[in-house]
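I opened this structure without having seen it before. These are my notes, in the order I looked things up.

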Amino acid sequence: MPEGHTIHRAAQDHHKKLSGQTLQVSSPQGKFSAGSEILSGKVCHSVEALGKHLLYRFESRDVLHVHLGLFGRIRSGRLPLKEPIGAVRVRLVGDTHCIDINGPAICEVMGPVETKVLFNRIGPDILRSDAEPIRAFARTAKSKLPIGQLLMDQSVMAGIGNIFRSEILWRQGVHPKTPGNAIDETTFNKIWEDARDLLALAVKHNSIITVQGGKPSSGKYRERVNVYKKTLCPKCGGGIQCHNMAGRKAYACEKCQPL
DNA sequence: TTGATTGTTACCGG
DNA sequence: TCCGGTAACAATCA
């Protein structure tokens, strides 16, 4: 489900609903964290996003680490408690709200050391104010790998997923197969700033909007995109090519994004 | 029942 | 060592 915006939005929302409260954390359908009681009676200090990782920090310095992977979902609602829907792996219950997490790829309790290891492994998060884009440029500039692949590499920069990859590169007129070391700093900065703006807009509207002047979709599709899964380029009318990059599909207009 | 999916890691071979 | 390919895992929906 998530690109970075989903996680940042959840972090903001959950911080409002849970911080400062004593939580009960359980696992109705255990699988990831052993046992049905994960944490009990600990005070939630804050909820934070790091790229696509969601961190619930407790005053005890324990951190509940969640990564939704491709399929994970979050459902939140007011008390009283309702029956879990589907495969709820984690349930966080505070004073007013209950948050259920279905099908995460990662769900574990970490100590300070493991938390630090995670922070060291993840590149600058485009949506965080403490991000240093120069670190991401340095990695990009010394890599021969295609920019389309580097944008998705969460150790290079964190937050971009498969939809935003195609959309950002199309907006900037950069072919996804351009080698990282062929991207100059000006172009890199434009990509970074566009990514930051688009992700922030997605956080605001809770949907991916990359078309100019786009508004949140009202229908069932929660995206407004230019090239992702499209066949024609909205700018030049030409055909959109689909490139398989490291097992994921990248879409690009060969004319507007020359190699 | 099958296939696809806004993700990630491990492993193998060149 | 780097990089591509493949498989594995997760849950849900069309």
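The entries below cover the DNA surfaces, one helix, one loop residue and a set of paired strands.

**Entry: the model.** I noted at the start that this is a predicted model.

**Entry: DNA strand B.** I looked up which residues lie around DNA strand B and found 17 of them. The closest are Glu3, Lys52, Leu70, Gly161 and Asn162. I then sorted this surface by class: six residues are nonpolar, six are polar and five are charged.

**Entry: DNA strand C.** I did the same for DNA strand C, which is surrounded by 14 residues. Here the closest are Phe71, Gly86, Ala87, Asn102 and Gly103. By class, I counted five nonpolar, six polar and three charged residues near DNA strand C.

**Entry: paired strands.** I followed strand 7, residues 97-102, to its partners. Strand 5, residues 73-78, runs antiparallel to strand 7, and six bridges join the two. Within this pairing, I found Arg75 of strand 5 bridged to Asp100 of strand 7. Strand 6, residues 88-93, also pairs with strand 7 in the antiparallel sense, over five bridges. Leu92 has Ile99 of strand 7 opposite it. I checked the link between strand 6 and strand 7: they form a hairpin, with three residues between them.

**Entry: Ala158.** Where does Ala158 lie? I found Ala158 in the loop between helix 4 and helix 5. Is Ala158 buried or exposed? Ala158 is buried, because 24 other C-beta atoms lie within 10 Å, and the cut-off for buried is 20 or more. I listed its contacts, leaving out residues up to four places away in sequence: Ala158 touches Gly4, Leu50, Gly51, Lys52, Ile122, Gly123, Pro124, Asp125 and Ile126. Lys52, one of these contacts, is also among the closest residues to DNA strand B. I also took one distance, from Ala158 to Arg78, which is 80 residues away along the chain; their C-alpha atoms are 31 Å apart.

**Entry: helix 5.** I moved on to helix 5, residues 162-171, and asked how many of its ten residues are buried. The count is eight, and the helix is mostly covered. The buried ones are Phe164, Arg165, Ser166, Glu167, Ile168, Leu169, Trp170 and Arg171. What covers these residues? The cover includes helix 4 (147-152), helix 6 (185-205) and strand 12 (248-253). Just past the end of helix 5, I noted that Gly173 has a positive phi of about 65 degrees.

Notes
Residues numbered from 1 in each chain as written. Chains lettered and ligands numbered in written order. Predicted model: local features only at pLDDT ≥ 70, side-chain atom pairs only at ≥ 80, totals over all residues. Near = placed C-beta within 6 Å. Nonpolar A, V, L, I, M, F, W, Y, C, P; charged D, E, K, R; others polar. Buried ≥ 20, exposed ≤ 12 C-beta atoms within 10 Å, placed from the backbone. Helix = DSSP H or I, 4+ residues; strand = E, 2+ residues; numbered from the N terminus. Contact = placed C-beta atoms within 7 Å. Pairing = 2+ DSSP bridges.
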